Amino acid sequence: MLSKGKESLLIPDNAQVISSSVVDRCPHRSEIQSVSLAEGEDDCLILGTVDSYGHLIVSRLDIVADDIDRTSYSVPPRDCGVGEGSWAGICFSPMQQSMVAVARELCKTIDIYDQDIHVRSLRTLWYPSSFSFVQCSPQVNGSSSLLAIAEGSQLSIWDIRMNNNGGCIQRISGSVGDTIYSTCSSPSGLIASGGTDRAVTIYDPRRWSALSRWVGCSKYEITGLSFSSVDQSFIYVQGVDYEITCGHWKQSERAFSFRGDSNWLGFSKCANNDVIAGWCESGSIFIADARQL
């Protein structure tokens, strides 16, 4: 039975880990900053990790066999890892499994790779804090050549096929002094952003205008966003505290929320269904299956 508290707050039950596996071929020499998991072919998962100097390691994992490690490849940073380490992010293309983007904050760069081959570099004006491939954009007939990048108070849109203006095709400015910490896109191409203003803004890529703005959806700064796979009118919002909220962004209404036992270090949603997991500072992992609500 599902336990609920006040204001549709879900109360978690204790669970036991049945089995776990260790990825052996992930020899990072500095702190891992971002992890991304994508579905591959032949019952495989593709795991990508990037450290604070931009070193990328991609591994193919067999989820059926006892030994999950299959093949892996490593891509060193373009500057050979010199200088100071900083936040780095990773994002797989939803349409082309071999394509991966790596962001480096202090370098102000987004590097695009096709497996271990460098395709091009995008250079942002401000420090990037989040980015995402735009899914099924009507402008590019369903391909995934567009990237949405949060940099400072601006949301910039880039086309990796274009050379004009460095590939940047659109810039949307937020409120002066605010910082965008998270951005994501829906399967229909809608783009969401949120940050220090504690509001989620939804943009239509056909007109580059705001469709909706859900103000006050989080008590604190927004650090994670993800559209629902069941109904794109709903979005999951992670705050910098210990709460994750799901709500209807068109009507600015909260549907439900759940909390960890300490502040979130990050959260993620399954690609094709509404199973959400978050990792807390305490080391605990909380999982919610929205299909059972």
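**Questions about a predicted model**

Reader: How does C270 count, as buried, partly exposed or exposed?
Author: The relative accessibility of C270 comes to 36%. This is a predicted model, by the way. Buried stops under 20% and exposed starts over 50%, so at its 36% C270 counts as partly exposed.

Reader: Why is the sulfur of C270 not in a bond with that of C246?
Author: A disulfide needs two cysteine sulfur atoms within 2.5 Å. C246 has the cysteine sulfur closest to that of C270, yet the pair is too far apart for a bond because the gap is 14 Å.

Reader: And C168, how far is the nearest cysteine sulfur?
Author: Searching the whole structure turns up zero disulfides, and C168 is in none. C168 itself counts as buried, at 9% relative accessibility. The nearest cysteine sulfur to C168 belongs to C91, at a distance of 17 Å.

Reader: Let's go to the largest nonpolar core; which strand gives the most to it?
Author: That core has 14 residues, and A101, I110, I112, F131 and L147 are the ones with the most contacts inside it. At least two core residues come from each of β8 (99–104), β9 (109–114), β11 (128–133) and β12 (146–151). With three residues, the strand that gives the most is β8.

Reader: Which residues does I110 touch, leaving out those up to four places away in sequence?
Author: I110 is among the core residues with the most contacts inside the core. Beyond four places in sequence, I110 touches R120, S121, L122, T124 and P128, and the list also takes in A101, V102, A103, L147 and I149.

Reader: How far is the C-alpha atom of F131 from that of R259?
Author: F131 sits in strand β11 and counts as buried, at 9% relative accessibility. Its contacts beyond four places in sequence include W87, C91, A101, L147 and T183. R259 is 128 residues from F131 along the chain, and their C-alpha atoms are separated by 25 Å.

Reader: How far apart are the C-alpha atoms of K108 and R123?
Author: K108 is in the loop between β8 and β9, and a relative accessible area of 26% makes it partly exposed. Leaving out residues up to four places away, K108 touches L122, R123, T124, L125, W126, Y127 and P128. R123 is 15 residues from K108 along the chain, and the two C-alpha atoms are separated by 5.8 Å.

Reader: What is the phi of Q115, roughly?
Author: Look in the loop between β9 and β10 (117–123) for Q115; that residue is partly exposed, at a relative accessible area of 45%. Most residues other than glycine have a negative phi. Q115 has a positive phi though not a glycine, with a value near 55 degrees.

Reader: How does N165 count, as buried or exposed?
Author: N165 lies in the loop between β13 (154–159) and β14 (168–173). N165 also has a positive phi, about 55 degrees, without being a glycine. Exposed means over 50%, so at 64% relative accessibility N165 counts as exposed.

Reader: Which residue's backbone nitrogen does the side chain of S228 reach?
Author: S228 is placed in the loop between β19 (222–227) and β20 (234–239). At 4% relative accessibility, S228 counts as buried. Beyond four places in sequence, S228 touches F234, I235, Y236, K269 and D274. At 3.1 Å, its side chain reaches the backbone nitrogen of V230.

Reader: About how much space lies in the largest cavity?
Author: The structure holds one cavity of 30 Å³ or more. Residues lining the largest cavity include C217, S218, K219, D241 and R254. The space inside the largest cavity is about 60 Å³.

Reader: Which strand supplies the largest share of the lining of that largest cavity?
Author: V237, Q238, G239, E243 and T245 are also among the lining residues. β20 and β21 (243–248) each supply at least two residues of the lining. The largest share, three residues, comes from β20.

Definitions and conventions:
Residues are numbered from 1 along each chain as its sequence is written. This is a predicted model: local features need pLDDT of at least 70, side-chain atom pairs count only at pLDDT 80 or more; totals for chains, interfaces and linings use all residues. Side-chain values use heavy atoms; hydrogens and water are left out. A nonpolar core is a set of buried Ala, Val, Leu, Ile, Met, Phe, Trp, Tyr and Cys residues joined through side-chain atoms within 4.5 Å. Buried means under 20% relative accessible area, exposed over 50%, partly exposed in between (1.4 Å probe, protein chains only). Helices (H or I, at least four residues) and strands (E, at least two) are DSSP runs, numbered from the N terminus. Contact means heavy atoms within 4.5 Å. A polar contact is a pair of N or O atoms within 3.5 Å; within protein, one must be able to donate a hydrogen and the other to accept it, and residues adjacent in sequence count only if both atoms are side-chain atoms. On a 1 Å grid over the protein atoms alone, a cavity is a set of points where a 1.4 Å probe fits but cannot get out, and a pocket is an open set with protein on both sides within 12 Å along at least five of seven lines; lining residues have an atom within 4 Å of a point. Grid points are joined across faces, edges and corners, and a volume is the space filled by probe spheres set on the points.
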